[in-house]
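Here are my notes for anyone opening this one up for the first time. Have a look around before reading on.

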Amino acid sequence: MGRPDRAARAAITQRRADAIDLRLAGVDWLTIGHKLAADPSINSDGVAYPQGYGIEKYRQELEPPSDKRLIELACKDVSKALRERATVLDENTDQLRQLMAERLERLFFTVYRAAIRSGDYQAVDRAVRIIERSSRLHGLDRPVRTELSGPDGAAVQVETAGLDELERLITLAGGGAGEDAQG
């Protein structure tokens, strides 16, 4: 079996999109498998789905795929389609990030020049804002460090409690299930 031609690849892409749509609609895996099967004898619509599951067996007039195999094929289709969509989304996101970086560079150049030449504080402020945005876009900012402190800035005291103390606190909080179990 060679690589599918353009029409077959388009039909496979459509089948995967249909599988995702069915899954999003809450259809179970086996029903998806039957709906997208190539063999009309097992296809829930009674027609041969183009490039459907088991197309090679159908062409050779062999037994159609089992229910277990139909489920596997439907799962595989949805997984592949979602991976492909995520890859395209990642590529598009990288392209958009690059475009935004170029826009910021152009804006920065004009604002920076105005800030340096005239000493305009508003231009300086805008230049700083562009630098901040560019830094966030490129992930250059360090994470903000936060610390917890106790009263008057002292260290937070951490105490450990035994089982008896925990049971006492649970009872005090109104969750005295231990009393019911013992009584």
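What follows is a set of numbered points on confidence, one helix, some salt bridges and a surface patch.

1. Keep in mind that this is a predicted model. Mean pLDDT for the protein chain comes out at 85, with 94% of the residues at 70 or more.

2. Where is confidence lowest, and where is it highest? The low end is helix α7 (residues 177–182), with a mean of 48, and the high end is helix α2 (residues 29–35), at 92. Across residues 178–183 the pLDDT stays below 50, and that stretch has 1 contact in the model beyond near neighbours in sequence. Where pLDDT is low, the predicted coordinates should not be read in detail.

3. Helix α1 (residues 6–24) passes a simple length check: at 1.5 Å a residue, its 19 residues should span 27 Å, and the end C-alpha atoms are indeed 27 Å apart. Its buried residues are A8, A11, I12, R15, R16, A17, A19, I20 and L22. The cover over them includes α2 and α4. Just past the end of α1, G26 has a positive phi of about 90 degrees.

4. Now for the charges: the structure has 8 salt bridges. One of them pairs D77 with R16, with the closest N and O atoms 3.1 Å apart. This pair ties together distant parts of the chain, since D77 is in helix α4 and R16 in helix α1, 61 residues apart. Are the two partners buried or exposed? D77 is buried, because its relative accessible area of 3% is under the 20% cut-off. R16 is buried as well, at 14%.

5. K35 and D45 make another salt bridge, the closest N and O atoms being 2.8 Å apart. K35 belongs to helix α2, while D45 is in the loop between α2 and α3 (55–59), 10 residues apart. K35 is partly exposed at 29% relative accessible area, and D45 is partly exposed at 46%.

6. A local example sits in helix α6 (residues 163–172): E165 and R168 are 3 residues apart there, about one turn of the helix. Their closest N and O atoms are 2.9 Å apart in a salt bridge. E165 is partly exposed at 33%, and R168 counts as partly exposed at 45%. Elsewhere, salt bridges with shared partners join R15, R16, D77 and E84 into one network.

7. Last, the surface. L96, L99 and M100 form a nonpolar patch there, with about 240 Å² of accessible area together. L96 is part of helix α4 (residues 67–118) and is partly exposed, at 48% relative accessible area.

Note on methods: Residues numbered from 1 in each chain as written. Predicted model: local features only at pLDDT ≥ 70, side-chain atom pairs only at ≥ 80, totals over all residues. Heavy atoms only, no water. pLDDT = per-residue confidence, 0-100. Helix = DSSP H or I, 4+ residues; strand = E, 2+ residues; numbered from the N terminus. Contact = heavy atoms within 4.5 Å. Patch = residues over 30% accessible without salt bridge, like charges linked within 9 Å, V, L, I, M, F, W, Y side chains within 5 Å. Areas by Shrake-Rupley, 256 points an atom, 1.4 Å probe, with all protein chains shown as cover. Salt bridge = Lys/Arg side-chain N within 4 Å of Asp/Glu carboxyl O. Buried < 20%, exposed > 50% of the residue type's maximum accessible area, 1.4 Å probe, protein only. Expected span 1.5 Å × (residues − 1).
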